[in-house]
Amino acid sequence: AAKHARTGVRAYQAQDDLNTPRRLTLMAELRSAIEAGALTVAYQPKIDPEDGRVLGAEALARWLRPDGPVPPDEFIPLAERAGLIPALTRFILDTALAACADWRSGGRDLSVAVNLSPQILTEPGLADDVSDALRRYGLPPTALTLEITENGVMEDPARSVRTLELLHALGVKLSIDDFGTGHSSLGRLAELPIHEMKIDKSFVRGLTSDQTRRAVTDAALQLGRTLGLIVVAEGVEDESELEYLRRHGCSAIQGYYISRPLPTEQFAEWLSGRPT
Ligand code: C2E
Ligand code: CA
Ligand code: CA
Ligand code: CA
């Protein structure tokens, strides 16, 4: 598999055999890592490109083993295979909401976004768990955004849509992640009770020098406007991309140009130096 250009981390590839000795070891260790609270969460800010105001952050799971970090693109699929997604999701949700309650204690109206695996959307108890967790941290439902993928919803549309409707009724915000990479029709998408869509980083990165990426980004911004959705661009890596998105009415941006995902304390520090 290819190495990630920046991090040198081996990227997960769908065609890789899931039963290699490394994967079997990781799967066994992951179970105890989740139970022992050995996973951590990194936070990547979302800002308003208009005025630079911080809107919140996305929570991203991190797993540091003695011989180095395991990228989420590698361990999330393993967690899915091992039936560990409910436990992992509960941990990330709890940690992220605790962090969000802390950011808001300074009086800022910040929100946190948590990624949901397709599998969890078919859990009948998800909405109740989310509601309990919000209550535990004294947070309004609007402080939480749940990011789902189009393909995730389509794995079991009937049950997933039911869960999304329950979450929507709670008042939690729902976001379609990796927009542009899925296989669902725009018609289906428009029927979902969603609040936000995130243009995938593969279209955002380099959009100012690539006509195809720019065309997809423009179409997504247009669609978002038509459907009344907040449009977030992820993977913003330079000033020209930020400027383009700002001029074209993008509501929020996220990317290395603003900040890499940061550990809890570093994120709090980063936040203290930013306009409210
Ligand atoms: P994602 O949800 O699309 O998250 C965005 C990914 O893009 C993150 O990778 C983030 O670090 C990376 N990124 C952010 N800005 C930039 C940029 O400017 N340039 C580039 N090249 N990349 C950027 P990360 O943290 O490695 O996560 C990868 C994927 O793993 C996530 O993609 C998400 O699908 C999954 N994941 C991470 N945490 C969780 C989790 O708690 N639960 C679930 N179910 N999935 C998770
Ligand atoms: Ca995401
Ligand atoms: Ca994404
Ligand atoms: Ca560029």
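These are legends for a few close-up views of a predicted model.

**View 1. Ligand 1 and the residues around it.**
Start with the neighbourhood as a whole: ligand 1 is surrounded by 23 residues. Gln44, Arg62, Ser117, Glu237 and Tyr256 are the closest of them. Sorted by character, the shell has nine nonpolar residues, five polar ones and nine charged ones.

**View 2. Polar atoms facing ligand 1.**
Here we zoom in on three side chains. Glu237 puts a polar side-chain atom 2.6 Å from a nitrogen atom of ligand 1. Ser117 also has a polar side-chain atom by a nitrogen atom of the ligand, this time at 3.0 Å. With Glu58, the ligand's partner is an oxygen atom, which sits 3.2 Å from an N or O atom in the Glu58 side chain. And how much of ligand 1 does the protein bury? On its own the ligand exposes 800 Å², and the protein buries 88% of that.

**View 3. The helices and strands that help build the shell.**
Three elements each give two or more residues to the shell around ligand 1: strand 2 (54-65), helix 2 (72-81) and strand 6 (173-179). Which one gives the most? That's strand 2, with four residues.

**View 4. Thr89 in helix 3.**
Now move to helix 3, which covers residues 85-104 and includes Thr89. Is Thr89 buried or exposed? Thr89 counts as buried because its relative accessible area is 7%, and the limit for buried is under 20%. The Thr89 side chain reaches the backbone oxygen of Ile85, at 2.7 Å. Setting aside neighbours within four places in sequence, Thr89 is in contact with Leu116 and Ile120.

**View 5. The calcium ion that is ligand 3.**
Which residues supply the protein donors for this calcium ion? They are Asp177 (OD), Asp178 (OD) and Glu234, with Glu234 (OE) listed twice. These donors lie 2.1 to 2.6 Å from the ion. Along the chain, their spacing reads D-D-x55-E.

**View 6. Asp177 between two calcium ions.**
Stay with Asp177 for a moment: Asp177 bridges the calcium ion (ligand 3) and the calcium ion (ligand 2). The two ions are 4.3 Å apart. Asp177 has a relative accessible area of 7%, so this residue is buried. Asp178 has a relative accessible area of 25%, so Asp178 is partly exposed.

Conventions. Residues numbered from 1 in each chain as written. Chains lettered and ligands numbered in written order. Predicted model: local features only at pLDDT ≥ 70, side-chain atom pairs only at ≥ 80, totals over all residues. Heavy atoms only, no water. Near = heavy atom within 4 Å. Polar contact = N/O pair within 3.5 Å; in protein donor to acceptor, adjacent residues only side chain to side chain. Areas by Shrake-Rupley, 256 points an atom, 1.4 Å probe, with all protein chains shown as cover. Nonpolar A, V, L, I, M, F, W, Y, C, P; charged D, E, K, R; others polar. Buried < 20%, exposed > 50% of the residue type's maximum accessible area, 1.4 Å probe, protein only. Contact = heavy atoms within 4.5 Å. Donors = N, O, S within 2.8 Å, 3.2 Å for Na, K, Ca; no water.
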